[in-house]
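Open the model in a viewer and keep the sequence panel beside it. The stops below say what to select and what to look for there.

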Amino acid sequence: MTILPPDPDFTALRVELARLRGERGWTFDELAGRSGLARRTLIDLEHGRTTGSLSTWHTLAHTFDVPVEHLLSTLCADHTPPGGRNS
């Protein structure tokens with residue numbers, strides 16, 4: 001029997017994107033200008049219409065000056081991340 005990992009929490013990821021953007025007071029236009037990503041892409045990410053690529057999240061981590069692990073760790077917000085259990 002194969003035990004599948006829990007689903008990633010994409011809601012937590014998009015909420016963190018919104019939090020970081022709001023914390024800085026940046027509009028979607030400003031974030032687009034700073035990151036080089038399309039405004040529409042950023043809106044779609046934050047509103048959950050797309051999950052984005054690893055490259056997109058890497059770019060956003062650099063734009064917000066946070067470790068990429070900070071963003072991606074939110075994918076495990078509703079469960080124990082891998083390596084977090086004592087077996």
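Select Arg24 and Trp26: in this predicted model, Arg24 lies over the face of Trp26, at 5.8 Å from the ring centre.

Keep Trp26 and add Phe64. These two rings form an aromatic pair, stacked, with 5.5 Å from centre to centre and 10° between the planes. The structure holds 1 aromatic pair. Trp26 is in the loop between α1 and α2 while Phe64 is in helix α4, so the pair links parts of the chain that are 38 residues apart. Are the two residues buried or exposed? Both Trp26 and Phe64 are buried.

**Arg21 and Phe28**

Move to Arg21, in helix α1, and show Phe28 with it. Arg21 lies over the face of Phe28, at 3.9 Å from the ring centre. Why does Arg21 count as buried? Its relative accessibility is 14%, and the cut-off for a buried residue is under 20%. Leaving aside neighbours within four places in sequence, Arg21 is in contact with Trp26, Thr27, Phe28, Leu31, Glu46 and Phe64. Both members of the aromatic pair, Trp26 and Phe64, are therefore in that list.

**Glu46**

From Arg21, step to Glu46, which is placed in helix α3. Glu46 counts as buried because its relative accessibility is 9%, against the cut-off of under 20%. With neighbours within four places in sequence left aside, the contacts of Glu46 are Arg14, Leu17, Ala18, Arg21 and Phe28.

**Helix α1**

Select residues 10-24, which make up helix α1. At 1.5 Å a residue, its 15 residues should span 21 Å; the end C-alpha atoms are 22 Å apart, which agrees. Which residues of α1 are buried? They are Ala12, Leu13, Glu16, Leu17, Leu20 and Arg21. An α-helix has 3.6 residues a turn, so residues three or four places apart point the same way. To see what the buried residues of α1 pack against, display α2 (28-35), α3 (39-46), α4 (54-64) and α5 (68-72). After α1 comes Gly25, whose phi is positive, near 75°.

**Leu17 and the nonpolar core**

Centre the view on Leu17. Not counting residues up to four places away in sequence, Leu17 touches Leu31, Leu42, Leu45, Glu46, Trp57, Leu60 and Phe64. Leu17 also belongs to the largest nonpolar core, which has 18 residues. Those with the most contacts inside this core are Leu17, Leu31, Leu42, Trp57, Leu60, Phe64 and Leu71. Colour the helices to see where the core comes from: α1, α2, α3 and α4 are the elements that give two or more residues to it. Which element gives the most? That is α4, with 4 residues. In soluble globular proteins, nonpolar side chains tend to be buried together.

**Two loop residues**

Go next to Ala38, found in the loop between α2 and α3. Ala38 is partly exposed, with a relative accessible area of 44%. Draw a distance from its C-alpha atom to that of Phe28: the two residues are 10 apart along the chain, and the separation is 9.1 Å.

Then select Asp65, in the loop between α4 and α5. Its phi is near 60°, a positive value in a residue other than glycine. Most residues other than glycine have a negative phi. Is Asp65 buried or exposed? Asp65 is exposed, with a relative accessible area of 69%.

**The whole chain**

Zoom out and show the full trace as a cartoon. How many helices and strands are there? The secondary structure comes to 5 helices and 0 strands, and from the N terminus on the elements run α-α-α-α-α. Along its principal axes, the C-alpha trace spans about 45 × 25 × 20 Å.

Colour by accessibility last. Of the 87 residues, 34% are buried. Switch on the surface: the protein exposes about 5,700 Å², and carbon and sulfur atoms supply 53% of that area. For a contact map, take residues at least 6 apart in sequence; 55% of such contacts join residues at least 24 apart.

Terms used. Residues numbered from 1 in each chain as written. Predicted model: local features only at pLDDT ≥ 70, side-chain atom pairs only at ≥ 80, totals over all residues. Heavy atoms only, no water. Expected span 1.5 Å × (residues − 1). Buried < 20%, exposed > 50% of the residue type's maximum accessible area, 1.4 Å probe, protein only. Contact = heavy atoms within 4.5 Å. Phe/Tyr/Trp six-rings, centres within 6.5 Å; stacked < 30°, edge-to-face > 60°. Lys NZ or Arg CZ within 6 Å of the ring centre and 35° of its normal. Core = buried A, V, L, I, M, F, W, Y, C linked by side-chain atoms within 4.5 Å. Areas by Shrake-Rupley, 256 points an atom, 1.4 Å probe, with all protein chains shown as cover.
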